[in-house]
Structures are given as C-alpha cells and as structure tokens.
Amino acid sequence: MKNKKLISLLTLGMSASVLLAACSSEGEEVSSGSVETAGDDFSVAMVTDTGGVDDKSFNQSAWEGLQAWGEENGKEKGLSGYDYFQSENESDFITHFATGANSGFDVMFGVGYLLKDAIQESANNYPDTKFAIIDDTIEGENTTSVLFYDNEAAFLAGVAAAKTTKTDHVAFVGGMESVVIDRFEAGFVAGVEHVNPDIEISVQYVGSFADAAQAKSIANGLYSNGADIIYQAAGNAGNGVFSEARDIVTADPSREVYVIGVDRDQEEEGKLEIDGEVRDLTLTSTVKGVGTAAQEIANKALNGEFPANETQFLGLADNGVSLTDGVLSEEALEAVREAEEAIINGEIEVPESPAE
C-alpha cells in the first residue's frame, strides 16, 4: 500500500510543473515541465548512486555514454532527449525512478548495485517503461542488466603494480564491501601475487562511495606505512586517494607514490605540476565500458530491439574492461599483455571474491 500511495502522490504532483532532482553539469536545476511535455520523442535518463554524476568514475562514465547517445541521435539534454537524476542519499532512488517514468522517459538506467531494489520495484510498478541496471541484475520483460568482469581488469592492475612497486608494498582501497567491489579486490590481489607472492598487500574500505575525506585519511595511513601504489575502487570517494598522493608529492617531490584509477581513464586526476614540471601520479587505470553499454542499450531500445530480461556479461575478451598504458614501464606493459592474453585464452582463471 505504501508504494501505491507514493506513486499516486507523484502522479498528482507531476500534473504541475516540477523540478527534476537532477542538476545539470553546470550545477543548475533542470525544469521538467509536465508529464505531457515529453511527447512522443524517445528519451532516456539515468539515476546516479550517491557518488554523483561528476564522480570522475562510474556515474560519470554512464553519463558520458548517454551524452554520446544524444549526440549520435541528434538529441538534447532534457525530457525529449536524455537527462539524469542525481541522488543525495539512497532514499532518493525510488523517487527518481518514479519521477522519470511519470515524466515519460522511455528507458531509465540505474547506475550501480546500490540501486537494485529500487529499480526492480520501479520496473514492476511501471511496465510500460524500460529499465536497465549496470553492475547488478534485475528481472522482467521491461528490464535488462549488464555485468562486468571487473576482476579481470583488476588482475592486470595487480600485475602492473607488482612490476612497478619499489617498496614491495601495495594497497587496495574499496568503497563499500559488496559482491561488485569484491571482484576488484580479488582480481588485484591475485594479479600482484601472480608476479610476486611476497609483496605486501594492504586492503581497506572507506564504507562509502562519497566520503573522499575518509578515503584521503586512509590513503595517508597506507602511504605512511610504506605502500607506494594504491588501487582505489571507491567511486567519488576515490578522489581522496588522488588528493593525498598529490599532497605527499607536493610536500616532498622526491617521493614516488602512485594511484591506480578505476572505471574510466583517470590520468587527469593524477596530474601535478611542480616547479614547472608535470608529474603523473596515475600509474594506470582499469576501464569498464559503462558508457558504451548504456549507449548501446539506448540505441537498441530506440530501434525496437531492447534486450528484454537479458543479462550481458562483458570482460577482456569483449573489450568490456581494459587497462590503460598509463605511465607503465615497458617491462610492466609486457607483463600486462602476457597476463591479458592468458586470461582471454583461459590459461589464467581470475577469482571473483577475496580468499577467506
């Protein structure tokens, strides 16, 4: 009954002009107008998790994919094209999906496993709207799901870190403990141990995908205790790791510390200029095709080919995940390429969860 009451209130409220909870890339609120203004134009929208659309990571990758879809199809940001709803907390999820469905968006994307329950409930409540989740699975003829073998790219990151570390101590910083982040941790640890099982590996979690200050504090402790490379899979919180690395090298340019980026090429987050010289503190980045997946699903739906009730799995063999060259040495790059080939050929089986 509570869900039905919520939907009724939202429907009533949408009869008048409302403001979307989403903010534009310039930080301005976007007026959604009435439900009818969406007209017959095909449109898509995404709901972010609490990391925000400008997290320089997962959410931003998905948004860039929808922007690319809009450009490809001559669409503009707004009700008749593409848009996003930015969530400040988890209680926003169900409201944003309901608002989007009532506004006439044809496809609603949920970005991240945290949105699973909200998007599944919304798919049940709005059978005429299509729903797609990235990094988890939902069910229904109006749903589709995308999962990535993040552990495969993380394994390559571990190989790169092991081939680069000078202290024989590396670290992993995760956002929130979950099946998804387990894959990042497990792959990274396995990759390091594949090169050298004697390297020390520290693992810590922020407990959030948004708390950059806490991630910065964790990174400070790890770097202070001898880790010279940190692989962060923490969404917006991961920016705190980059911030700490930049602060350390600014204070002491002789220090060699690195960050491994996640989800998209985070090279820019590691740029630092000291005395006119640019330092690159992003060793490499694991990249997942979140934006490409979102763009392809939107196009399939537009063309009447929505992959209903299907789950797509994307890994190294599908170019769904990858590792950037970054500032890796030739030796490290060669080791990464050998490991990648072995994974694709089935010679290396990468674990999906950390060892007990």
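**Salt bridges, burial and backbone angles in a predicted model**

Q: Which residues are linked in a network of salt bridges?
A: Asp135, Asp150 and Lys288 form such a network. A salt bridge requires a side-chain nitrogen of Lys or Arg within 4 Å of a carboxyl oxygen of Asp or Glu. The model is predicted, so local features need pLDDT of at least 70 and side-chain atom pairs count only at pLDDT 80 or more, while totals for chains, interfaces and linings use all residues. Residues are numbered from 1 along each chain as its sequence is written, and side-chain values use heavy atoms, with hydrogens and water left out.

Q: What makes the contact of Lys288 and Asp150 a salt bridge?
A: Their side chains meet at 3.0 Å, N to O, and the cut-off of 4 Å is therefore satisfied. The pair links distant parts of the chain, with Lys288 in strand S14 (residues 282-288) and Asp150 in helix H5 (residues 150-164), 138 residues apart. Helices (H or I, at least four residues) and strands (E, at least two) are DSSP runs, numbered from the N terminus. Lys288 and Asp150 are both buried.

Q: Why is Glu244 called buried or exposed?
A: Glu244 has a relative accessible area of 5% and is therefore buried. The classes are buried under 20% relative accessible area, exposed over 50% and partly exposed in between, with a 1.4 Å probe and protein chains only. Its salt-bridge partner is Lys216, the closest N and O atoms being 2.7 Å apart. Lys216 lies in helix H7 (residues 212-224) and Glu244 in helix H8 (residues 239-251), so this pair too links distant parts of the chain, 28 residues apart. Lys216 counts as partly exposed because its relative accessibility is 23%.

Q: How are Lys271 and Glu267 classed, and why?
A: Lys271 is partly exposed because its relative accessible area is 28%. Glu267 is likewise partly exposed, at 36%. Their side chains meet in a salt bridge at 3.3 Å, N to O. A search of the whole structure finds eleven salt bridges.

Q: What is notable about phi at Asp263 and Asn319?
A: Most residues other than glycine have a negative phi. Asp263, which is not a glycine, has a positive phi of about 75 degrees, and Asn319, also not a glycine, has a positive phi of about 60 degrees. Asp263 lies in strand S11 (residues 258-263) and is buried because its relative accessible area is 7%. Asn319 sits in the loop between strand S15 (310-314) and strand S16 (321-323); at 71% relative accessible area, Asn319 is therefore exposed.

Q: What makes Asp325, Glu330, Glu334, Glu338, Glu341 and Glu347 a patch, and of which sign?
A: These residues form a negative surface patch. Patch members have over 30% relative accessible area and no salt bridge; like charges are joined within 9 Å, and nonpolar side chains (Val, Leu, Ile, Met, Phe, Trp, Tyr) within 5 Å. The sign is negative because Asp and Glu count as negative, Lys and Arg as positive, with His and the chain ends not counted. The place of a charge is taken as NZ of Lys, CZ of Arg, CG of Asp or CD of Glu. Glu347 lies in the segment after helix H10 (330-344) and is exposed because its relative accessible area is 62%.

Q: How many helices and strands are in the chain, and what share of residues is buried?
A: The chain has ten helices and 16 strands, and buried residues make up 55% of its 356 residues.

Technical notes:
Areas by Shrake-Rupley, 256 points an atom, 1.4 Å probe, with all protein chains shown as cover.
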